[in-house]
Structure formats: C-alpha cells, structure tokens
Amino acid sequence: MAATFATPSTVVGLGGSSVSPINTKALSSSFLKPTARAKNPLRVAGASGGRFTCFESNWLRRDLNVVGFGLIGWLAPSSIPAINGKSLTGLFFESIGTELAHFPTPPALTSQFWLWLVTWHLGLFICLTFGQIGFKGMTEDYFQK
C-alpha cells in the first residue's frame, strides 16, 4: 500500500498527464532584482562552535531587577482601592480565601475568583513584559538616537 503513494501518479481530470514540478525559470521576471538566497545558519560550518542552535544561548537575558521592579510596579497600582472601595489585589486575595474555605471543592465557573485571577495576572505579565523591554532597551542603548 505504501508503495502506491511513493510512485508518480496521474491526476484525474487532467487528461492522464502527470503532475510535474514547477519550473522556477518560468517564474522569473526582468523587472525583479535577482534575490540572494539566505544561508541557513544551521548548515553553516563552524557556526555556534559546532552546535546547531537557532537562538543565542542567553536569548532571555534574565535580570532579577526586572522581576523585582515589575512586581512592585504592578502591586502599587493594583493595591489602589478603585473598585467599590477595594483594590484589585485585595479582591483577588479575598477570593482566594473564600475559595480555600471550601478547599476540596474547586471554585465554580461563575465564581468571581476567575475574574480577579485572570485580571490580576494579566496586569502582572504586561508589567513584566514592558519592564523587560524598557530595562533591557535602556541598558543596551536601544532608545538612544
């Protein structure tokens, strides 16, 4: 059965002609500049010291300053009592306590816990992302003219 898929076959409806590969010369134009083929860094001899990698070894460039300042930068505004006199952090922690009161039972899908969980963490991850962009951009002079 596998041998029938590996052999060239004819396409029904084309008069019995077999499908041939596209000729790239027929698709060229004198209006377009010839393009240089990009080298695959995985095939370049000696690239990355003989190891095959797609990214730098330190692509994340993790810095604990970003984590610390990002967490403080999110805790400060999320602790402002702006939602009916309560803060987002307070509502989130309060909902954790409410759900832990009936611990073996998981939170219901209609529980406010899920709203506060998603909102609080989304804000935290946005702060951490912008903190990483801003902090690393400043340390690497990305924003300088």
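A residue counts as buried when its relative accessible area is under 20%, as exposed when that area is over 50%, and as partly exposed in between. Keep this scale at hand for the exercises below, which use a predicted model.

**Exercise 1. The whole chain**

Task: State what share of the protein counts as buried, and describe its secondary structure.

Solution.
- Step 1. Apply the cut-off. Of the 145 residues, 14% count as buried.
- Step 2. Look at the surface. The protein exposes about 12,500 Å², and carbon and sulfur atoms supply 66% of that area.
- Step 3. Count the elements. There are four helices and zero strands. Along the sequence the pattern reads α-α-α-α.
- Step 4. Check the contacts with a separation of 6 or more. Residues 24 or more positions apart account for 49% of them.

**Exercise 2. Two helices and their faces**

Task: For α2 and α3, compare the end-to-end reach with the expected value, then find where the buried residues sit.

Solution.
- Step 1. Start with α2, residues 64-78. Its 15 residues reach 21 Å from first C-alpha to last, close to the 21 Å expected at 1.5 Å a residue.
- Step 2. List its buried residues: Val66, Gly70, Trp74 and Ser78. They lie on the same side of α2, because they cover an arc of only 75° around the axis.
- Step 3. Turn to the other side of α2. Leu64, Phe69 and Ile72 are exposed there.
- Step 4. Ask what the buried residues of α2 meet. They pack against α3 and α4.
- Step 5. Repeat for α3. Its 13 residues should span 18 Å at 1.5 Å a residue, and the end C-alpha atoms are 18 Å apart, so the two values agree.
- Step 6. List the buried residues of α3: Leu88, Thr89, Leu91, Phe92, Ser95 and Glu99. Down the helix axis they fall within an arc of 165°, so they line one face.
- Step 7. Find their partners. The buried residues of α3 pack against α2 and α4.

**Exercise 3. The core**

Task: Name the residues of the largest nonpolar core, and say which helix gives the most to it.

Solution.
- Step 1. Recall the general trend. In soluble globular proteins, nonpolar side chains tend to be buried together.
- Step 2. Name the members. The largest nonpolar core has eight residues: Trp74, Leu88, Leu91, Phe92, Phe113, Trp116, Trp120 and Leu124.
- Step 3. Assign them to helices. α3 (88-100) and α4 (112-139) each supply at least two. α4 gives the most, with four residues.
- Step 4. Zoom in on Trp74. This residue lies in α2. Its relative accessible area is 14%, so Trp74 is buried.
- Step 5. Leave out residues up to four places away in sequence. Trp74 then touches Leu88, Thr119, Trp120, Gly123, Leu124 and Cys127.
- Step 6. Look further along the chain. Trp74 and Leu128 are 54 residues apart in sequence, yet their C-alpha atoms are 8.5 Å apart in space.
- Step 7. Do the same for Leu88. Beyond its neighbours within four places, Leu88 contacts Trp74, Ser78, Ile83, Trp116, Thr119 and Trp120.

**Exercise 4. Charged residues**

Task: Find the salt bridge, then decide whether Lys136 is buried or exposed.

Solution.
- Step 1. Recall the idea. Side chains of opposite charge can pair when their charged atoms come close.
- Step 2. Use the cut-off: a side-chain nitrogen of Lys or Arg within 4 Å of a carboxyl oxygen of Asp or Glu. The count comes to one salt bridge.
- Step 3. Name the pair. Lys86 bridges to Glu94, with the closest N and O atoms 3.6 Å apart.
- Step 4. Check exposure. Lys86 is partly exposed at 39% relative accessibility. Glu94 is partly exposed too, at 42%.
- Step 5. Move to Lys136 in helix α4. At 16% relative accessibility, Lys136 counts as buried.
- Step 6. List what surrounds it. Not counting residues up to four places away in sequence, Lys136 touches Arg61, Asp63 and Gly131.

**Exercise 5. Positive phi**

Task: Locate Asn84 and Asp141, and give the phi of each.

Solution.
- Step 1. Recall the rule. Most residues other than glycine have a negative phi.
- Step 2. Take Asn84, in the loop between α2 and α3. Its phi is positive, near 50°. Asn84 is exposed, with a relative accessible area of 78%.
- Step 3. Take Asp141, in the segment after α4. Its phi is also positive, about 55°. Asp141 is exposed, at 52%.

How values were computed
Residues are numbered from 1 along each chain as its sequence is written. This is a predicted model: local features need pLDDT of at least 70, side-chain atom pairs count only at pLDDT 80 or more; totals for chains, interfaces and linings use all residues. Side-chain values use heavy atoms; hydrogens and water are left out. A nonpolar core is a set of buried Ala, Val, Leu, Ile, Met, Phe, Trp, Tyr and Cys residues joined through side-chain atoms within 4.5 Å. Buried means under 20% relative accessible area, exposed over 50%, partly exposed in between (1.4 Å probe, protein chains only). Contact means heavy atoms within 4.5 Å. The expected span of a helix is 1.5 Å times one less than its number of residues. The arc is that of the directions from the helix axis to the C-beta atoms. Accessible areas come from the Shrake-Rupley method with a 1.4 Å probe; for residues, only the protein chains shown count as cover.
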